[in-house]
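Colleague: Please take a close look at one place where two helices pack against each other, and then carry on into other parts of the chain. Longer sentences are welcome, provided each term is explained once.

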Amino acid sequence: MPGVPRPETVAPLRLTRLATLLPAELSGADAEVTGITHSSREVLPGDLYAALAGANRHGAEFVAGAAEAGAVAVLTDAAGREAALAAGLPVLVAEDPRAVLGAAAAAIYGDPSARLMMIGITGTAGKTSTAYLVESGLRAAGLTTGLIGTVETRLGDLVVKSVRTTPEATDLQAILAAAAERDVTAVVMEVSSHALAIGRVNGLRFAVGGYTNFGLDHLDFHSDVDDYFAAKAKLFDGRCRFEVLNYDEPALRPLFKPATISYSAAGDTAATWWASSVRPSAFGQRFVAHGPGGITVEAGVSLPGRHNVANALLALASLVAAGIDPAVAARGIAACPGVPGRLEQVDAPGDVLGVVDYAHKTDAIVAALAALRELANARGGRVICLIGAGGDRDKGKRPQMGAAAARGADLVLVTDDNPRTEDPAVIRAAVRAGAEGAGSSAKIIEVAGRRAAIDEAVRLAGAGDVIALLGKGHESGQEVNGVMLPFDDRIELAGALLAAAGVILDPHDAGRDRQGHRGRLVNATPSVIVSGPVEYDSRKIGPGGLFVAFPGEKVDGHDFAPTAMAAGAAAVLSTRDTGHPGVVVEEPLVALAALARAVVSRLPELTVVGLTGSSGKTTTKDYIGQLLARLGPAIAPAGSLNNELGFPYTVLQATEETRFLVLEMGARGIGHIRYLCDIARPNVGLVLNIGAAHIGEFGSVEGTAQAKGELVEALSPAGVAVLNADDPLVAGMAPRTSARVLLTGESADAAVRATEVSLDGAGRASYTLSFDGHSGHVRLAVAGRHQVANTLAAAGVALTLGMDFDDLVAALGAVGIVSSRRMDVFTRPDGVTVIDDSYNANPSSTAAALHALAAMKAGGRRIAVLGYMAELGSHEVSGHVEVGRLAAELGVDRLIVVAANARPILDGASEVEGWHGTAIFAEDQTVALGIVTGDLRDGDVVLVKGSRYRTWDVVDGLRPEGVAREGSHRRGCGRVHHLPVRHAGRDPCLHRDEGRPADPRRPRPGQ
């Protein structure tokens, strides 16, 4: 398993001791080992290399390479003994090395399963779903969890892509030791029949072992069904303290013992646990769970189908057996948002429901289609099933799979799965034969090519229909002739279901004809390839790029298509034919979102960081980008690219080399952040604060919190939510997420905490940073007391993603301003200091800026030039009054208010008794600039603050020639410089709907 986690500290174990434990015969000198691996390519210094007999070659052939990599000894059989000795290494010879491999690894790593609560799940189908449900229940009980299975391997916040359902014994024990070292307390794992048959789980101790169901599978590996059953039964040979088995499965009765815990989703009261009152609830279902001793709990699961009631009941029984309170366990199971690729809904507009499921076994197909039949009946539609079968696997089940699909669906499209080295047509023929021989009324269609079949399914679907893509589930690739091609059913189906919006899906397939479903190809053949970046500024397009033309009322991007093509663009994405090669779509914004989704789906190693809040987003995003760049290639473009245009544009900058993608998320209403998260689901979500920004749109700060909290709701259980412990509305979002929560702030509840905060004469903060027993002194180079909270949030993200604490302390002192007009402090030749915080304003951010002004030591006067704060709704007057009052209370010497709509600021200042400052009204920026510059003195400090462009002329007039704005070296938001639809003279980073009418169906750009 490449990249398998290992513990950092391992106590050396002598070979003589290990030989006694296994047992094995030692040839050669004694040695100490500190690790073990079965792969010569994964050897680390101090390892015991397990040279095993393979199907084609013996591992002993690779001993020399293992020795060169640092192996100190070899574990092998008699056949490999001489080759191992020839390499000069001591050798442990066992009769069956694979059988003792688990025990050897457990001994070397200190028997890690004994230090963990281990729950193992086996069965023909449902292992993954049940494991996720169990893990969610463990998290609800406050345990730090690990998960090992088909989709992923997760140790707390560390996620590693899984190669197989159950890792090899050497990897498995290393993973568990690493889990224990990372303070994981409970691990749930899927236990496959392969793993049980060849001893991968030997040496493990389980608190609970669960069995989902038994059906036919893996008969390409097992000699017959009895051999398959015997392999599964090994989990219940005494290695589990508690055994939980499905009472509704007659095949499992031979495994029942007096102490067996049983469960019945069918409601059989003879079982230890049984379900009653099963009823649908949204996409999932609710039920009452009855247990031993009169236990009765209301339970639920966010997946449809009676088989998922069984999975949830197994999870509940297992958790209770492990000592978890039944109500807590049930609550945790119900909170699980779903399982990747297991009856997973595909989010797309329209009246057709798309679902992706991993079902590739007959019983699993039956169960999945039965669940979807209930949904289709409720919707008044049909079940359309797309089915294939894997190549180089059990050929006998192919007709059975086809038959199950035909009996469960109204329309079956037989297509390709992972053909591997087989002829796809041969596989399809076997599946189709079974479907056509099932004796059902379902219509059977064969379509070569999975993508083409998905397109055809969508074309044939009508209102109320349910499309089920079965077989591949969570997989992000399709294996053809030894090559893994990028392919994700969820992405492909989502793109197809966006047909009504006229959207293409793949940025590199922009010219491919989609039969009119997603976009109309014009002036080109399907062979046109987009190989460059996606741009909507004709001046920035590069060779091979895709130019996106937005229609506008004042400036129309279509008029710039000739310029873009002349600059080397390969094609144009537009709403009408421009006369150049391209694709015509109904809505370019929706197309950009689909393109961005496709990019993210093709970058499995990418870590996405999303952040939101009422103020400080852009600055904190800049800090995070600077910190993560020390860990690897990071994208965090300057400026506020936080809406439905800037957000996907940022995503489209990611490449295979990108390790971190930092995305700012704005919102102007409920559902807006959810929309952005659907484009690129974050692995880490950060919420800074909740204030009065855009309160006119949200109605209240509670409404703002509801909208901003959509970010943490979008996180998976493997994700991390970084929340501000000092803001009750933010800290209160913790129950809304299934992710791990990390609190930052100055309060005692914060895990990443600042204490002993002080400010120097330039208003720059210093503080002691504490985390997990570490502490260090941080001295910031940026002005403002509020930067403490911003840098703590950035620190939380950096620590979550693996940054060393001491490196972080040093790096925090070096972070600076990247995006312009945000706490940009400069000193003029005449001794006047100017604070340019003019990019935007709301009551919270203006208060922070005023506090920064007050903290700066001024040899002269403190002057505040304040403009209008937009989008405060019914709070507009009170918000401005509040700011004026604060300016006076902080002792501002001169308060200059710009424009009539900001006049209430003066009213607020006048209410403060004892304020001896001067209040001046300026009808516009020109007048304000004249007032300021007409009376400036050496030592004065001037703050300029307002919403967007409303004070920009003032601060630009105060900036001497040759003094560049902070962040100006990245002017234009990274690679974005100008919008074709912008108003002349407006900020190039102002990504607003200025050139086109507002669309109430989608979120507008937000803050």
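Modeller: For two helix axes, angles under 35 degrees count as roughly parallel, over 145 as roughly antiparallel, 65 to 115 as roughly perpendicular, and the rest as oblique. This is a predicted model, in which local features need pLDDT of at least 70 and side-chain atom pairs count only at pLDDT 80 or more, while totals for chains, interfaces and linings use all residues. Residues are numbered from 1 along each chain as its sequence is written, and side-chain values use heavy atoms, with hydrogens and water left out.

The axes of helix α5 (residues 127-140) and helix α9 (residues 306-321) come within 9 Å and cross at roughly 45 degrees (axes are lines fitted to C-alpha atoms, for helices over the stretch in contact, with angles from 0 to 180 degrees between N-to-C directions; helices, H or I of at least four residues, and strands, E of at least two, are DSSP runs numbered from the N terminus). The two helices α5 and α9 are therefore oblique to each other. The crossing of α5 past α9 is right-handed, the term for a near helix turned clockwise from the far one by less than a right angle, anticlockwise being left-handed. On the α5 side the meeting residues are Ser129, Thr130, Leu133, Val134, Gly137 and Leu138, and on the α9 side they are Asn308, Asn311, Ala312, Leu314, Ala315 and Leu319, where contact means heavy atoms within 4.5 Å. Of the residues in this contact between α5 and α9, 7 are nonpolar, 5 are polar and none is charged (Ala, Val, Leu, Ile, Met, Phe, Trp, Tyr, Cys and Pro count as nonpolar, Asp, Glu, Lys and Arg as charged, and the others, Gly among them, as polar).

Further along the chain from α5 come strands that pair with one another, pairing being assigned if DSSP finds at least two bridges between two strands. Strand β9 (residues 145-148) runs antiparallel to β10 and is joined to it by 3 bridges, and the two form a hairpin with 3 residues between them. Within that hairpin, leucine 147 has arginine 154 of β10 as its bridge partner. On its way onward, β10 also pairs in the antiparallel sense with strand β11 (residues 158-161), over 4 bridges, and here glutamate 152 is bridged to lysine 161 in β11. The hairpin of β10 and β11 has 2 residues between the strands, and glycine 156 takes a positive phi near 60 degrees there. In β10 (residues 152-155) itself, Glu152 and Arg154 point one way and Thr153 and Leu155 the other way, yet all are buried (under 20% relative accessible area, with exposed over 50% and partly exposed in between, for a 1.4 Å probe and protein chains only).

Helix α15 (residues 489-497) is mostly covered, with 9 of its 9 residues buried, and those residues pack against β19 (344-346), β20 (353-357), α14 (450-460), β24 (466-470) and α17 (588-601). The buried residues of α15 include Asp489, Arg490 and Glu492 as well as Ile491 and Leu493.

Strand β44 (residues 894-898) has 5 of its 5 residues buried, so it is largely enclosed by the rest of the structure. From β44, Arg894, Ile896 and Val898 point one way and Leu895 and Val897 the other. Strand β43 (residues 862-866) pairs with β44 in the parallel sense over 4 bridges, and alanine 864 has leucine 895 of β44 as its bridge partner.
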